[in-house]
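Colleague: I would like a close look at a single part of this chain. Please start from the annotated site and work outwards from there.

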Amino acid sequence: MQQSNAYIITFSVILTVVLGLLLSGTSQLLGPIQKKAVELDTKKQILGAVLDASEIRAMKPDQILDFYEKRITSKVVDIDGNEIEKDTDGNEIVAENVDVAKNYKMAPEKRKYPVFIFHAEGNQDDAEAIIVQVYGAGLWDEIWGFLALDTDLNTIEGVTFGHKGETPGLGARITEGGVQNRYQGKKIFNDSGEFQSVAMQKGEGKDYSSEDHKVDGLSGATITANGVNAMLENYLKAYKAYFEKIKSSSSSEIAALN
């Protein structure tokens, strides 16, 4: 039987309202779960700069969050090395919640730079490493990472990299432990104290163990490697003022790092 236009319109409106309510309810239900998953993933990546991947894999989610709470403190600084505690609206700024992708679109002097301090077990006054966040562009899309420096604020203790769309088996290898381990022990300042960063070289298979500022490259992924190099240089340079401020400071922070 042919239905009237009024019936069809009424049915469509009711269906739209019901579906809207269902989607809204689902979003509200899944929102906290998704937020928790993002929090866990971020903290795993931060810890990945100072812990072995196998150690993190052995932990349950609650254990990772508890470990992070006990061993990591954080802050946000500007390009001049000054701590930023509140935004322009007076809201507290939390390092873990800084949208680095959004910040990347801003001029370097306007960005917020998260800093994560890895403390000795059971002693918040004893820091073992400083972890900074880095962000850039690979071949196809965004790349990012966290880099941990030893208390000399020069020697790399570890890195963890991530990507959105690099080529599997090529650029995507930046997430592999074997590639990331190449950065351990490298220096970001030269013997004269000048900033130099660390650069992945073209090609793969060479030994750079005696070179403080070079690591072996990625075969077939030169553009991704260049993206990693630019990412490290740009962001570590932006943290340079903060590193220098700590080194010249007589505060408890520098005491914790020595």
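Modeller: UniProt, in an unreviewed entry, places the feature "modified residue: FMN phosphoryl threonine" at Thr222. The model here is predicted. Thr222 sits in helix H6. Is Thr222 buried, exposed or in between? Thr222 is partly exposed, because its relative accessible area is 34%, which falls between the 20% and 50% cut-offs.

Now follow helix H6 itself. H6 spans residues 222-247 and supplies at least two residues of the largest nonpolar core. That core has 39 residues, and Tyr183 and Phe243 touch the most other members. Strands S2 (113-120), S3 (123-137), S4 (142-149) and S5 (156-163) also supply at least two residues each. Which element gives the most? H6 does, with eleven residues.

Take Phe243 next. Leaving aside residues up to four places away in sequence, Phe243 touches Ile130, Val132, Leu149, Leu153, Ile188, Phe189 and Leu236. Another core, of 24 residues, lies apart from the one that holds Phe243. Its members include Phe67, Ile72, Val76 and Ala148.

Phe243 also belongs to an aromatic cluster, together with Tyr113, Tyr235, Tyr239 and Tyr242. The chain has nine aromatic pairs. In one of them, the ring centres of Tyr242 and Phe243 are 6.2 Å apart. Their planes meet at 55 degrees, so this pair is tilted; an angle over 60 would be needed for edge-to-face. Tyr242 and Phe243 are both buried.

Phe189, a contact of Phe243, has a charged partner too. Lys247 lies over the face of Phe189, at 4.5 Å from the ring centre.

Strand S5 was one of the core's suppliers, and Thr160 lies in that strand. Thr160 is buried, because its relative accessible area is 11% and the cut-off is 20%. What does Thr160 touch, beyond residues up to four places away in sequence? The contacts are Gln45, Gly48, Ala49, Trp144, Gly145, Phe146 and Gln180.

Go back to the other core and its member Phe67. Phe67 is in helix H3, residues 61-71. The buried residues of H3 are Ile64, Leu65, Phe67, Tyr68 and Arg71. Why do they fall on the same side of H3? They cover an arc of only 160 degrees around the axis, and therefore share that side. An α-helix has 3.6 residues a turn, so residues three or four places apart point the same way. The face of H3 turned away from the buried side carries the exposed residues Asp62, Glu69 and Lys70.

Val76, also in that other core, leads to a loop. Ile84 touches Val76, along with Val77, Asp78, Ile93 and Lys112, not counting residues up to four places away in sequence. Ile84 is in the loop between strand S1 (72-77) and helix H4 (100-104). From Ile84 to Pro114 there are 30 residues in sequence and 9.7 Å in space, C-alpha to C-alpha.

Last, the whole chain. It has seven helices and seven strands. From the N terminus, the order is α-α-α-β-α-β-β-β-β-α-β-β-α-α. Of its 258 residues, 40% count as buried. Among contacts between residues at least 6 apart in sequence, 53% join residues at least 24 apart.

Conventions:
Residues numbered from 1 in each chain as written. Predicted model: local features only at pLDDT ≥ 70, side-chain atom pairs only at ≥ 80, totals over all residues. Heavy atoms only, no water. Core = buried A, V, L, I, M, F, W, Y, C linked by side-chain atoms within 4.5 Å. Buried < 20%, exposed > 50% of the residue type's maximum accessible area, 1.4 Å probe, protein only. Helix = DSSP H or I, 4+ residues; strand = E, 2+ residues; numbered from the N terminus. Contact = heavy atoms within 4.5 Å. Arc of directions from axis to C-beta. UniProt positions renumbered as here; feature names shortened; annotations may be inferred. Phe/Tyr/Trp six-rings, centres within 6.5 Å; stacked < 30°, edge-to-face > 60°. Lys NZ or Arg CZ within 6 Å of the ring centre and 35° of its normal.
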